[in-house]
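Student: Could you take me on a close look at one part of this model, the pockets and whatever sits in them? I would like one connected walk through it.

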Amino acid sequence: MTLRPILIHPDPRLKTVCKPVTDITDDIRRLADDMLATMYDAPGIGLAAPQVGVLGRMLVMDCVKGEDEAPKPMVLINPEVIWSSDERSTYNEGCLSIPEQYGDVERPASVRVRWTGIDDKDHEDQFDDLWATCVQHEIDHLDGKLFIDYLSAMKRQMITRKMQKLKREQARG
Ligand code: K1U
Ligand code: ZN
């Protein structure tokens, strides 16, 4: 298992519409393990393949909250939202590709999603609460969309400038 570096916005790979994953190969199984390890290490509750520079439609997540509850690592390949509730919920979202920046995003409160599992089987389930927010945030990544795209142009520009500065500082070492 290898921790993979997480790309920081702005990066053209985070703006790309990702291609479907066609086969569950050993490379894909390794990527799933690496993405879960990278997500837990960050720490985060989700991670999409483009955030580690792989432009395929695959994401991992685990939104279990309490330390007394068993972890629930999930790997979703080629996920598709097949139903969204009319009810909306707002969450102050963050993103591992936009560290330490947050913004309120309104999304459907519940979604039904169909995907292929790492077991190569078809799955379908309803997601609610934080799971619903997270799976929509991660599917947005697969479509080249970031949570800041839901914010005002002024807030988005302010955050983007901060990230450009952070990347310049990181490059200087
Ligand atoms: O996709 C990502 O960048 C991961 C992101 C997922 C997410 C967060 C909030 C709302 C929707 C989606 C994160 O995991 S940011 C870190 C985070 O939220 C967190 C970190 C530690 C404990 C609990 C939450
Ligand atoms: Zn994100």
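Tutor: Happy to! Please keep in mind that this is a predicted model. Let's start with the second largest pocket, which is lined by Y40, P43, G44, I45, D62, V64, G66, E67, E69, A70 and P71. Its volume is about 160 Å³. Sorted by class, the residues that line the second largest pocket are six nonpolar, two polar and three charged.

From there, let's move to the largest pocket, which holds about 450 Å³ of space. It is lined by 23 residues, and those closest to its centre are P43, G44, G94, C95 and L96. P43 and G44 should look familiar, since they also appear in the lining of the second largest pocket. Which elements build the lining of the largest pocket? At least two residues each come from β4, β5 (98–108) and α2. The top contributor is α2, which gives six residues to this lining. In terms of class, the lining of the largest pocket has eleven nonpolar, nine polar and three charged residues.

Now for the occupant: the largest pocket is the space taken by ligand 1. Around ligand 1 there are 15 residues, and I45, G46, Q51, L96 and E138 are the closest of them. L96 thus turns up again, having been listed among the residues closest to the centre of the largest pocket. I45, in turn, is also one of the residues that line the second largest pocket.

Where does the shell around ligand 1 come from? Both β4 (88–95) and α2 (129–142) supply at least two of its residues. Here too α2 has the largest share, with five residues of the shell. By class, this shell is made up of six nonpolar, seven polar and two charged residues.

Finally, let's zoom in on the polar atoms. The side chain of E138 has an N or O atom 2.6 Å from an oxygen atom of ligand 1. For Q51, a polar side-chain atom lies 2.9 Å from an oxygen atom of the ligand. H141 also takes part, with a polar side-chain atom 3.4 Å from an oxygen atom of ligand 1. As for how much of the ligand is covered, ligand 1 on its own has 530 Å² of accessible area, and the protein covers 76% of that.

To put the picture together, ligand 1 takes the space of the largest pocket, α2 gives the most to that pocket's lining, and α2 also supplies the largest share of the ligand's shell.

Conventions: Residues are numbered from 1 along each chain as its sequence is written. Chains are lettered from A and ligands numbered from 1 in the order in which they are written. This is a predicted model: local features need pLDDT of at least 70, side-chain atom pairs count only at pLDDT 80 or more; totals for chains, interfaces and linings use all residues. Side-chain values use heavy atoms; hydrogens and water are left out. A residue is near a molecule or strand if one of its heavy atoms lies within 4 Å of it. A polar contact is a pair of N or O atoms within 3.5 Å; within protein, one must be able to donate a hydrogen and the other to accept it, and residues adjacent in sequence count only if both atoms are side-chain atoms. Accessible areas come from the Shrake-Rupley method with a 1.4 Å probe; for residues, only the protein chains shown count as cover. On a 1 Å grid over the protein atoms alone, a cavity is a set of points where a 1.4 Å probe fits but cannot get out, and a pocket is an open set with protein on both sides within 12 Å along at least five of seven lines; lining residues have an atom within 4 Å of a point. A molecule sits in a cavity or pocket if more than half of its atoms lie within 2 Å of its grid points. Helices (H or I, at least four residues) and strands (E, at least two) are DSSP runs, numbered from the N terminus. Ala, Val, Leu, Ile, Met, Phe, Trp, Tyr, Cys and Pro count as nonpolar, Asp, Glu, Lys and Arg as charged, and the others, Gly among them, as polar. Grid points are joined across faces, edges and corners, and a volume is the space filled by probe spheres set on the points.
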